[in-house]
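Q: Please choose one part of this model and take me through it closely, step by step. I would like to know what it is made of, what lies around it, and how its neighbours are arranged in turn.

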Amino acid sequence: MSASGATPGVRTSFDPRRYHEAVTGERTAIAPRAPVCLYLEVTNRCNLLCTTCPRTYEELEPPADMSWELFTSIVDQVPDLARAVLHGVGEPMLVANLPRMVRYLKDRGVYVLFNTNGTVLGERNGRALIDAGLDELRVSLDASNRESFKAIRGRDYFGRITRNVRAFRELQIREGQTKPQVSIWLTGLKETVEELPTFVKVAAEIGVKEVYLQRLVFFDEKAIGKARPDQALFERLTEGEAAQLREAEELARALGLTFSASGAASEPGLSLKSSGDGSPWSLCRRPWSLMYFTANGRALPCCIAPFSQHGYDNYTLGHAGRQSLKDIWNGPAYRDFRTALLSDQPPKACANCGLRWSL
């Protein structure tokens with residue numbers, strides 16, 4: 001990893017072999033390769049009050065949008081970057097610079113995606129993302145109707161979001177645009193699993209071809225909102241809930257949609273399915289392949305950490321505003337974190353990762 005990074009304006013290409021090597025290579029305290037994926041929390045601001053998100057209940061960091069200077073500084077220090085995920089605990093589409101950020105990454109051959117709540121996905125914003133070359137747009141809808149949406153996400157925006165997504169898909173079809181690839185997501189809760197078949201129907205009605213059931217992550221202690229153990233589905237499906245999953249899968253096939261409830265990790269090659277020995281963290285490869293930065297520049301282990309342990313200070317690994325990425329990546333904090341992850345006593349933020357996920 002060089003301090004100067006990629007030369008601005010020079011296009012590189014995605015190298016699947018290099019990415020595969022990074023996510024399957026040897027795991028030691030010192031990472032032998034630079035990261036190939038960045039999670040960049042472009043903002044920690046949000047216009048919803050989701051009952052499964054910690055930011056609804058506490059201020060994790062001072063409110064901020066990631067500055068252009070911080071964004072480019074981070075990106076330019078990872079010349080072999082293959083994948084960038086532009087979200088964290090906020091709503092990315094609230095950031096005026098978002099299309100510019102996407103374009104900056106696409107000019108370097110990076111695969112770019114983010115999750116959005118879809119509330120501000122108007123025609124102007126949608127066209128800007130298409131023009132910027134965004135690869136993937138994941139819409140977190142979390143409900144199949146207005147009432148459930150308001151109960152889970154805290155605001156009455158279900159109708160607005162479905163109208164926005166339908167209009168965006170119509171725009172893509174009308175103009176022959178295949179990117180970004182659009183999907184909708186539902187967080188797996190005991191409270192909403194029965195809505196899965198209807199959720200699939202909603203996807204079909206608004207023109208979305210991919211539907212995903214997302215894992216619920218919850219705190220062991222001081223449970224918040226609906227992010228509680230009694231709402232999790234992981235290894236706890238009743239026969240009725242399993243039947244809802246089967247019905248959703250069958251309906252999706254009939255409608256020509258992709259439906260996945262596998263609980264696979266959001267990073268290729270980084271699935272965290274239970275190892276069967278009570279140590280699901282032992283399969284994780286994130287600290288050897290990706291870096292996560294908050295809107296203020298704090299380096300965290302991954303996007304799950306804020307949802308699995310309270311308090312960023314417990315698992316901060318560095319700060320991009322004060323250190324080079326090279327110094328952070330194989331610095332003392334990262335080395336200690338990796339060593340613990342490879343042991344029988346992992347960092348607290350990782351200890352039940354997988355076991356706390358719904359599927």
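**A close look at helix 6 and its surroundings**

A: Of the 359 residues in the chain, 55% are buried, and since this is a predicted model, every value that follows is computed from predicted positions. The secondary structure of the chain comes to 11 helices and 10 strands. Among the contacts with a separation of 6 or more, 73% are made by residues 24 or more positions apart. The chain exposes about 15,000 Å², and carbon and sulfur atoms supply 48% of this area.

The part I have chosen is helix 6, which runs over residues 158-175. How far should its 18 residues span? At 1.5 Å a residue, the expected span is 26 Å, and because the end C-alpha atoms of helix 6 are 26 Å apart, the model agrees with that expectation. The buried residues of helix 6 are F158, I161, T162, N164, V165, F168, R169, L171 and Q172. What covers these buried residues includes three other helices, namely helix 4 (123-132), helix 5 (146-153) and helix 7 (196-205), together with strand 4 (136-140) and strand 5 (181-187).

It is worth following the chain out of helix 6. Just after the helix, G176 takes a positive phi of about 70°. In the loop between helix 6 and strand 5 we then find P180, and the peptide bond that joins K179 to P180 is cis, with omega of about 0°. For comparison, most peptide bonds are trans, and most residues other than glycine have a negative phi.

That loop leads to strand 5, one of the elements that cover helix 6, and S183 is found in this strand. Is S183 buried or exposed? With a relative accessibility of 1%, S183 counts as buried, because the limit for that word is under 20%. The side chain of S183 is joined to the side chain of W185 by a polar contact of 2.9 Å. If neighbours within four places in sequence are left aside, S183 is in contact with L137, R138, V139, V208, E210 and Y212.

Strand 4 also belongs to the cover of helix 6, as does helix 5, and the loop between strand 4 and helix 5 is the place of D142. Phi of D142 is near 70°, which is a positive value in a residue other than glycine. D142 has a relative accessibility of 4% and therefore counts as buried.

Helix 4 is another part of the cover, and it has a neighbour of its own in helix 3 (residues 98-106), with which it packs at an angle of about 10°, the two axes lying 8 Å apart. Angles under 35 degrees count as roughly parallel, so helix 3 and helix 4 are roughly parallel to each other. On the side of helix 3, the residues that meet helix 4 are L98, P99, V102, R103 and K106, while helix 4 contributes A128, L129, D131 and A132. Which residues of helix 3 are buried? They are L98, M101, V102, Y104, L105 and K106, and the buried residues of helix 3 pack against helix 2, strand 2 (83-85), strand 3 (111-116) and helix 4.

Going one step further out, we come to helix 2, which spans residues 68-76 and contains T72. Although T72 and M101 are 29 residues apart in sequence, their C-alpha atoms are 8.4 Å apart in space. T72 counts as buried because its relative accessibility is 13%, and its side chain reaches the backbone oxygen of E69 at 3.2 Å. D76 lies in helix 2 as well, and D76 also counts as buried, with a relative accessibility of 13%. A polar contact of 2.8 Å joins the side chain of D76 to that of Y104, and Y104 is among the buried residues of helix 3.

Finally, we can return to helix 7, which helps to cover helix 6, and ask what comes into contact with residues in that stretch of the chain. L251, found in helix 8 (residues 239-255), is in contact with P197, V200 and K201 when neighbours within four places in sequence are left aside. L251 and V200 are 51 residues apart in sequence, while the distance between their C-alpha atoms is 7.3 Å.

Definitions and conventions. Residues numbered from 1 in each chain as written. Predicted model: local features only at pLDDT ≥ 70, side-chain atom pairs only at ≥ 80, totals over all residues. Heavy atoms only, no water. Helix = DSSP H or I, 4+ residues; strand = E, 2+ residues; numbered from the N terminus. Expected span 1.5 Å × (residues − 1). Buried < 20%, exposed > 50% of the residue type's maximum accessible area, 1.4 Å probe, protein only. Contact = heavy atoms within 4.5 Å. Polar contact = N/O pair within 3.5 Å; in protein donor to acceptor, adjacent residues only side chain to side chain. Areas by Shrake-Rupley, 256 points an atom, 1.4 Å probe, with all protein chains shown as cover. Axes fitted to C-alpha atoms, helices over the stretch in contact; angles between N-to-C directions. Parallel < 35°, antiparallel > 145°, perpendicular 65-115°, else oblique.
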